[in-house]
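Me: Could you zoom in on one helix near the end of this chain and walk me through how it sits against its surroundings? I'd like the cut-offs too, please.

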Amino acid sequence: MNYNYHTHTARCNHASGTEEEYILQAIRGGITHMGFSDHAPFLFPDGSESYYRIPMAQARDYFDTLYALCEKYKEQIHLTIGFEMEYYPTFFRDMLDTALSLGAEYLILGQHFSGDERPHGFYVANPTDNPSLLEEYVTNILAAMETGLFSYVAHPDIFNFTGDETIYEAQMRKLCVATREKNIPLEINLLGMRASRHYPQDRFWKLAGEEASPVTFGFDSHDVQGACDLDSLPKAKELVAKYHLNYIGRPELVLLRQ
């Protein structure tokens with residue numbers, strides 16, 4: 001594996017280490033194409049900000065720091081600067097305008113909430129048996145794919161559904177079919193593996209295999225070691241083999257600016 005487009009920075013308040021340390025770790029591990037995709041900054045209409053995003057006050061520093069590192073390491077690694085961002089029906093246009101105005105070169109979809117997050121969004125990693133929340137999650141991912149702006153879907157199996165399995169299968173199969181038809185990859189998230197989270201979920205990847213959805217890998221780096229997590233990589237490859245997944249390797253980014 002010579003790529004990783006899912007990388008965070010300490011600005012999101014739940015990661016550690018410096019960008020340069022991440023880059024050096026990636027280079028040591030053989031990564032030739034790396035993307036930084038910290039959580040997109042956004043001011044909600046009431047002026048509040050999510051605790052897990054880059055604060056707007058630090059957004060310019062995010063780009064300035066990485067522009068300098070792009071230049072410093074241009075002979076060793078190709079760096080791209082973007083964001084991990086949600087699709088919120090009410091706020092998406094404003095979120096996108098913010099990301100573009102800051103200079104985002106690409107986006108990956110990380111749908112962490114059903115609904116709009118504020119004021120009453122549901123955090124999808126929390127367990128729930130509510131089929132309406134699952135349907136809303138899938139509906140928003142499908143709407144995000146329709147925009148043509150997202151390079152891939154990060155941790156698509158993050159939704160922690162504990163209800164009727166037939167409902168889960170129907171909704172997630174719909175998602176997998178759409179990714180195949182639109183040729184938008186699904187990410188096997190290696191952070192979920194190394195942190196022993198509830199994802200990757202076998203039941204989801206079984207459906208992805210049946211529907212021949214395009215699949216890629218993402219380290220979801222939140223610390224220096226995670227910038228090139230070669231220990232978890234064999235587990236991801238085992239998942240590909242187990243469910244005969246359509247692994248495409250390095251995804252083609254949807255570039256928002258050249």
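**Helix α8 and its neighbour α7**

Reply: The cover over the buried residues of α8 includes β7 (186–189), α6 (190–194), α7, β8 (214–218) and β9 (246–247), with contact meaning heavy atoms within 4.5 Å. This is a predicted model, where local features need pLDDT of at least 70, side-chain atom pairs count only at pLDDT 80 or more, and totals for chains, interfaces and linings use all residues. Numbering runs from 1 along each chain as its sequence is written, and side-chain values use heavy atoms, leaving out hydrogens and water.

Helix α8 itself spans residues 233–242, and Leu233, Ala236, Leu239 and Val240 are its buried residues (under 20% relative accessible area, 1.4 Å probe, protein chains only). Their arc around the axis is only 115°, so they lie on the same side of α8. Flip to the other side of α8 and you find Glu238, Ala241 and Lys242 exposed (over 50%). Just past the end of α8, His244 has a positive phi of about 50°.

Now for α7, one of the elements covering α8. Helix α7 (residues 202–210) also meets α5 (residues 165–182): their axes come within 9 Å and cross at roughly 45°. That makes α5 and α7 oblique to each other, a label for angles that aren't under 35, over 145 or 65 to 115 degrees. On the α7 side, the contact uses Arg203, Phe204, Leu207, Ala208 and Glu210, while α5 brings residues including Tyr168, Met172 and Leu175.

Terms used. Axes fitted to C-alpha atoms, helices over the stretch in contact; angles between N-to-C directions. Helix = DSSP H or I, 4+ residues; strand = E, 2+ residues; numbered from the N terminus. Arc of directions from axis to C-beta.
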